[in-house]
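Work through the exercises below with the sequence and the structure at hand. Try each task before reading its solution.

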Amino acid sequence: MSVMIIILIMSIAIAGGFLVAFLWSVKDGQYDDDFSPAQRAIFDDKTKIKTKTNSNI
Amino acid sequence: MQLEKFTYDNRLPKWFAYATIFWGFVGMLIGLLAALQLAFPVFNFSEYFPHLAFGRLRPVHTNAVIFAFVGNGIFTAVYYSMPRLLKTPMWSEKLGRIHFWGWQLIIVAAAVTLLMGFTQAKEYAEIEWPIDIAITIIWVLFGVNMFGTILTRRERHLYVAIWFFIGSWVTVALLHVVNAAVIPVGLFKSYSWYAGVQDALVQWWYGHNAVAFFLTTPYLGLMYYFLPKAANRPIYSYRLSIVHFWSLIFLYIWAGPHHLLYTAVPEWAQSLGTVFSIMLLLPSWGGMLNGLFTLRGAWDKVRVDPILKFFVVGVTCYGMSTFEGPMMSLKNVNAISHYSDWTIAHVHIGALGWNGFMTFGMLYWLIPKLFNTTLFSRKLASTHFWIGTLGIIIYAIPLYFSAFRSYFMMKSFTPEGQLEYQFMDIVNTVLPYYMLRALGGLLYLSGVVLMIYNVYRTTKQDEFVETEEMEAAPLPKVYHAPKNAFWHSVIERKPIVLLTLSLIVVSIGGIVELIPTYLVKSNIPTISSVKPYTPLELQGRDIYIREGCYNCHSQQIRPFRYEVARYGEYSKAGEFVYDHPFQWGSKRTGPDLARIGGKYPDSWHFYHMLDPSSMAEGSIMPPYPFLFEDDLNIATTRSKIHAMRKMGVPYPFNYEDIANDDLKKQAVSIVANLKTADIEIEPSKEIIAVIAYLQRMGRDIKAQN
Amino acid sequence: MDSNAIKLDAQCYHCGDICLGHPIHFDEKDFCCEGCKTVYSILNKSDLCEYYDLNAAPGASQRKRYRKDKFEFLELAEVQQKLIQYKDADQTHLIFYLPQMHCSSCLWLLENIHHVNSSILSSRVNFGKKEIFISFDNSKATLRSVVETLADIGYEPHISLDQLDAKQTLGTNRTRWYKIGVAGFCLSNISMMSFSEYLIGGGTLEPELALAFKVLSIALAIPTLFYSGSEFFVSAWGGLKHRYLNIDAPVALALAMTFIRSLYEIFSGTGSGYLDSMAGIIFFMLIGRWLQDRTYQAVSFDRDFKSFFPIAVNVIKDGKSIPVTVDKLRPDDVFQIHHQEIIPVDAILSKGNALIDYSFVSGESAPVNVSKGEIVYAGGKQTDGKLELIVVKEVSQSYLTNLWNKEIDQSKPALEHNLIDTISTYFTYVVFAIGILAGGYWYWQGETTLMWNAMTTILIVACPCALLLSSNFTNGNILRIFSINKFYLRSPEVIEKMAKISHIVFDKTGTLTQHRKSKITYQGQILNREEQEHLANILSQANHPATRAICDYLEISEAHEVKNYKLTEGQGVEAWIDEYYYKLGSPAFVGKTFVNLSGSQVCISKDGEFKGVFQVSNVYRFGIFDLIQKLNHKFKLSVISGDNDSEAAVLNNFFSNKESILFHQKPQDKMDYIQHLQSNVTDKVMMIGDGLNDAGALLQSDIGIAVTDSDNTFTPASDGIIDANKLAILDKFLLFAKDGYRIIGVSFLISIIYNVIGIYFAVQGILSPFIAAILMPSSSISIVLITYGMSEWMAKYRGLKLTNTQKEPTV
């Protein structure tokens, strides 16, 4: 199954790429606070809409 | 330094949303037509346009639903959520536009070419190489835009949804490139680099991961953004969502081979697929529960809000199919499900339930937002929900029945040890189920029609909000420090990362070296009696591919008594070394053809192709009259032989020059053979090549025994 | 009082407190105080009222607003230079600790703060740490104005001396995550390849594929062992250097063995090694450690007294007052202290009404009057108006500092080896014994190759990782459940100690009783409104805690002129008001005697006629006595209070079989008492206190638990911090700690079984990688599931909360 080697290497390459991404995200402190992000995601931006005035809620 | 003003662009999300709806409708319509063709062959409209038979329509359906409907759905989610999560507009609006129009163009081109019979005959990767290249370009542009946005973001944290988008993008890009490795032999014709078993492995490594990284992970991103938004409560556990992403990303990539259980693929590769598929259960369910628990204590909301209803059922379907999947990858279960309608039911639970309902939920939430209004009619949306749910049920249940009934009929023997049922008996038994399936599809589609009306009225209620003005501060400098210095600092501080990086570099270098050598090497036949196809057979095979016969006929006999008794000796890996691409198929609506060669006289095939029911009472196979009128294009023979030899198929040197002479000789002999059955036909017709190929299949092994 | 009951319904729109007296109406909303109203109007002006939509009444009470010059000291260069994280030409970066932060509203408001103060460029919250990062525009704002903005909207940052001394660092330790990531990545890929080999079934791997597998798995195993697994070797070596086998010793040995053996097999082509098992062990054990060592970022277990001090005070120099940081205070400096501020240095009172609350230092609950010329000790809190004081000693020599330093000297008795380490020692010896026996046997049989096989594989399977996992996961989950129930432990070792506790010592003020709250009961003739007003006016003149308490209770605003006010020290007051003659004070003062009354009394006589008596007594925490009942027959109990014995009667009542109840205990006495208890070796003592006065005792005891009120987030150094409202279920915590102990025991047995199975194969020298690969994860996973399941179940059984509500995460 020589093609397995290609798949193997490819897969490990991808996984390796994701490992680097993971290390970066930890280093960057992405996971220091696991409460706020979930909250921020649902906050509505205080945007001013051109046509109408208020987009909140 | 000041707060920076910027605007969210709502036009692209709107366009993508509309495209999603449009292609969704088209794709499902074609799906419905295909379902009808199986239930009532008249829907092949053979008298009017014989070319548009099931074999060509089904790829259009699958591709339309996956890459047009779900694809645009993904882009809608990305182009709407990303700017808002990262507090910045998409990096380039122009790229966005190119992406949009490029993608739609690709879809149209794909649909047209597939209907014209230009196909690679690998499921969900049928589209031919020029369009594959276009896809690659557009996908890269999309990636550039995405990462550009990430790099210019004003929000430091990358919300988990974005991680899912990134993961999907990277993996899909790589899968697409690896699987689409072909040698072109014409503008719209190519041969896969890999042969037989190897091709099968790559295809299903791709095939499974296409499901994983196109239909699942991006939609998980969608879920993690839109579900909390719609419910207006944060995701149940953010920590869990992070674990969900990383564990999924590290496991998914290996699950492919479970699509090849009991095939000629080496046992260990099959079992490997099983092991990892089962491991997948944990992260998948983690994600599902995370989604459902988000609504914990808000069920009163769910009861009244159709959007949440869609999400709940969508997520539940995700849970169901991610449970069903690993189960189906267990060998003994797979023995039943493989080649059967079970698979179809399984994927449609995912497609209709997970992808479909998540998309509808998103659209019902998004469209009013874009028009700064409320949904035209919640009642209508609710009706859509119920019709849709009913549709899924009526679609799936009958197929499960059909799967089991046909399984037991397939394997039942008379006391004398004879197969109890002919294949045709089985077809007749499952036909009612196919009718019900079509009904389910019809219901689901009519739900979509309701949605289209609802959306239309909603957009008419108020003015479209083209852009939303926003202001935020850029990322503070101190936080840039780690990022700018990232590569440098990490590499010097973390030798392990250096090691990983070098590992990757090495692997990529390795690939470049390995591919040619191994692929050629591995094409050396392991069964001496297996010979390359003759030019005529090769041409016939390409017609077989063109008409998409693999959509209903497998060429892979599993080592079960009931299969061997029905179709003949089970398939060996060595038999397929010249099959570029492999034609194992994944569904047996018709019987397996791996050993069809020599089973019937040429005349049988002649009549059968002209009018299947004349040879097999009650056959639902469409007739192929045009094969008897169109002349075979032998101009391509030379390049085809040439390409084959390039890939290690041992045709003698300069065989190209004489190939067509051999071709004509064989054609004449077949015509002569047909004459004995008082059939008159010129040797130049395509049917001759088809017969040649059909009669060749599985012969080599027989010759050896 | 009924009139109160009517007022109850009015709830403050900002802080949710009940609006005592007459609520302030504004914008169709009720507010309990001007402060809350002010905050609301600010937010309203900046169109930030979504703050109130996200959560109802998300604010903290604003009764005590900061005074306008409070943050003057932030203009001092040395203060700024210490507080500012980063500064350049146009912007400045700050990080503050905001104890008030508690819900998504806080998060939302604080990150939209630039709508309140446009000079703030960006603000970002780290909820776990309750920290906010702010960058502002130098040209538009100053450190002070930014802090004032925060204070204006009800999030006054906590700025303290110790913070100045050492600028806190943002970065948390992330190496463990790197290690887990690497291990996980390598594990999934190694196992993918080794599985293929196990599952090879009929066919065989092509040579080139087999080679690729071997090379790759070794490449992946190296970082797993030498990076992810490094900590086991380090700690094992650390143990050995002190001639002591800790749990990591056998683990490290097993890992090393596995690796070497695998390399040997792979290169000699005799087998495929156990690399997958090795990676698995490392991965699972790292996860276990992570779970166990979770730290509560927002909870600080070792604060020193400085964090309670004001950072700077206003010093009067030739007429005008200028801010000076406390450490710069020199003898004879004259400085000001305002209402509710803590006196940072020993000083002499020169001006103003000093009513000093020493409860935090001495435990004495009643504030003491200090007359001019008398000395005021550092740590006391002024509960009356503005004061002027003259510095006697610098902060470094003041009474409190000495007190503190004395306590710090007391080093805890060296931590005895915990259960796991003790077991592991025997464990190791047993393993070696078996190894040698098996080896010897095969040698005697003349099977030298088998001998090596057996000896090495025994060491491999005998890895006590399952045992380690069991304790890690159990402790980890117990800590988690505790924290959900607002009980935070410094380290997992504390759990084990908790299980051994035999004697519990309580502090009274602020621990058994509520902080600065008194229960007031009135017996006698009904007082009409007018009489109430009279009393209020007279009592408000007297500076006695009891009388103040009564004033608050009466809530009278109407003023009446008070004539011929006369105070008899320690007796009571007499005065004329609206032509009535009142005598208020001790029973003796009004010529009465009461029996069996606890707490202090204020008797009232109007025109010589006895009206009734106000009874002022401590308020005990809710459910505290039920708790005592539960603990009574399981533990020895004591109470040591710095307070007077006015509550003796009540306490004696409830502590039926107490060891002792002591009053007037100085911090030193408390410490000595604990020491005295510990002199009995079999007794393990748990001290539960709140104030700085308990700090010594908390340190001295085997486990010191600090009680924290929601409004007071600062606690002395301790092994654990418990939310005051949860003190009532202390018994459950203690029981659950014991359960945890048992759970570890059970899962330990199970892990032994796995080891036995493994060794059964090993001694025969026939342990195949496949068996190892099955044994390893199955043992690990089953252990994890069992410990998790059992601890969850026991917690449920003990009636502890298992999940968090969305709003408040565990810190």
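The exercises that follow concern a predicted model.

**Exercise 1. Confidence**

Task: Find the average pLDDT of chain B, and state how residues 479-496 should be treated.

Solution. Step 1: chain B has an average pLDDT of 86, and 89% of its residues score at least 70. Step 2: residues 479-496 of chain B have a pLDDT below 50. Step 3: this stretch still has 26 contacts in the model beyond near neighbours in sequence. Step 4: where pLDDT is low, predicted coordinates should not be read in detail.

**Exercise 2. A helix and its cover**

Task: Compare the span of helix H23 of chain B with the expected span, then list its buried residues and what covers them.

Solution. Step 1: H23(B) runs over residues 655-675, which is 21 residues. Step 2: the expected span is 1.5 Å times one less than the number of residues. For H23(B) this gives 30 Å, and the distance from the first C-alpha to the last is close to that, at 30 Å. Step 3: the buried residues of H23(B) are B:Tyr655, B:Glu656, B:Ala659, B:Asn660, B:Leu663, B:Gln666, B:Ala667, B:Ile670, B:Val671 and B:Leu674. Step 4: an α-helix has 3.6 residues a turn, so residues three or four places apart point the same way. Step 5: the cover over the buried residues of H23(B) includes helices H18 (535-546), H20 (602-610), H22 (637-646) and H24 (686-696) of chain B.

**Exercise 3. Salt bridges**

Task: For the pairs B:Glu123 with B:Arg58, C:Glu496 with C:Lys500, and C:Arg798 with C:Asp739, give the N to O distance and say where the partners lie.

Solution. Step 1: in the salt bridge of B:Glu123 and B:Arg58, the closest N and O atoms are 3.2 Å apart. This pair links distant parts of the chain, with B:Glu123 in the loop between helices H3 (93-115) and H4 (129-151) of chain B and B:Arg58 in helix H2 (residues 54-86), 65 residues apart. Both B:Glu123 and B:Arg58 are buried.

Step 2: C:Glu496 and C:Lys500 form a salt bridge at 3.7 Å, N to O. Both lie in helix H18 (residues 492-500) of chain C, four residues apart, which is about one turn of the helix. C:Glu496 counts as buried because its relative accessibility is 15%, under the cut-off of 20%. C:Lys500, at 34%, is partly exposed.

Step 3: the closest N and O atoms of C:Arg798 and C:Asp739 are 2.7 Å apart. C:Arg798 is in helix H27 (residues 769-798) and C:Asp739 in helix H26 (residues 730-763) of chain C, so this salt bridge ties together parts 59 residues apart in sequence. C:Asp739 is buried, at 2% relative accessibility.

Step 4: the count over all chains is 51 salt bridges. Some join into a network, as with B:Asp9, B:Arg11, B:Glu93, B:Arg97 and B:Glu466.

**Exercise 4. Nonpolar cores**

Task: State how many residues the largest nonpolar core has and which element gives the largest share.

Solution. Step 1: the largest core has 237 residues, and those with the most contacts inside it include B:Trp103, B:Phe214 and B:Phe360. Step 2: helix H6 (residues 196-231) of chain B supplies the largest share of this core, 22 residues. Step 3: take B:Phe360 and leave aside its neighbours within four places in sequence; its contacts are B:Met28, B:Phe69, B:Phe310, B:His384, B:Tyr444, B:Val448 and B:Met451. Step 4: another core of 51 residues lies apart from the largest one, with C:Phe71, C:Ile120, C:Val125 and C:Phe136 among its members.

**Exercise 5. Strands**

Task: Describe the pairing of strand E4 of chain B and the sheet E12-E11-E14 of chain C.

Solution. Step 1: E4(B) (residues 467-472) has five of its six residues buried. Strand E1 (residues 4-9) of chain B pairs with E4(B) in the antiparallel sense over six bridges, and B:Phe6 stands opposite B:Met470.

Step 2: E12-E11-E14 of chain C is an open sheet of three strands with antiparallel pairing. Strands E12 (368-370) and E14 (381-382) each have a single partner strand, so one side of each is left without a neighbour in the sheet. Step 3: E11 (residues 354-357) and E12 of chain C pair over three bridges, with C:Leu355 the bridge partner of C:Asn369.

Methods: Residues are numbered from 1 along each chain as its sequence is written. Chains are lettered from A and ligands numbered from 1 in the order in which they are written. This is a predicted model: local features need pLDDT of at least 70, side-chain atom pairs count only at pLDDT 80 or more; totals for chains, interfaces and linings use all residues. Side-chain values use heavy atoms; hydrogens and water are left out. Helices (H or I, at least four residues) and strands (E, at least two) are DSSP runs, numbered from the N terminus. Buried means under 20% relative accessible area, exposed over 50%, partly exposed in between (1.4 Å probe, protein chains only). Contact means heavy atoms within 4.5 Å. A salt bridge is a side-chain nitrogen of Lys or Arg within 4 Å of a carboxyl oxygen of Asp or Glu. A nonpolar core is a set of buried Ala, Val, Leu, Ile, Met, Phe, Trp, Tyr and Cys residues joined through side-chain atoms within 4.5 Å. pLDDT is the predictor's confidence in each residue, from 0 to 100. Two strands pair if DSSP finds at least two bridges between them.
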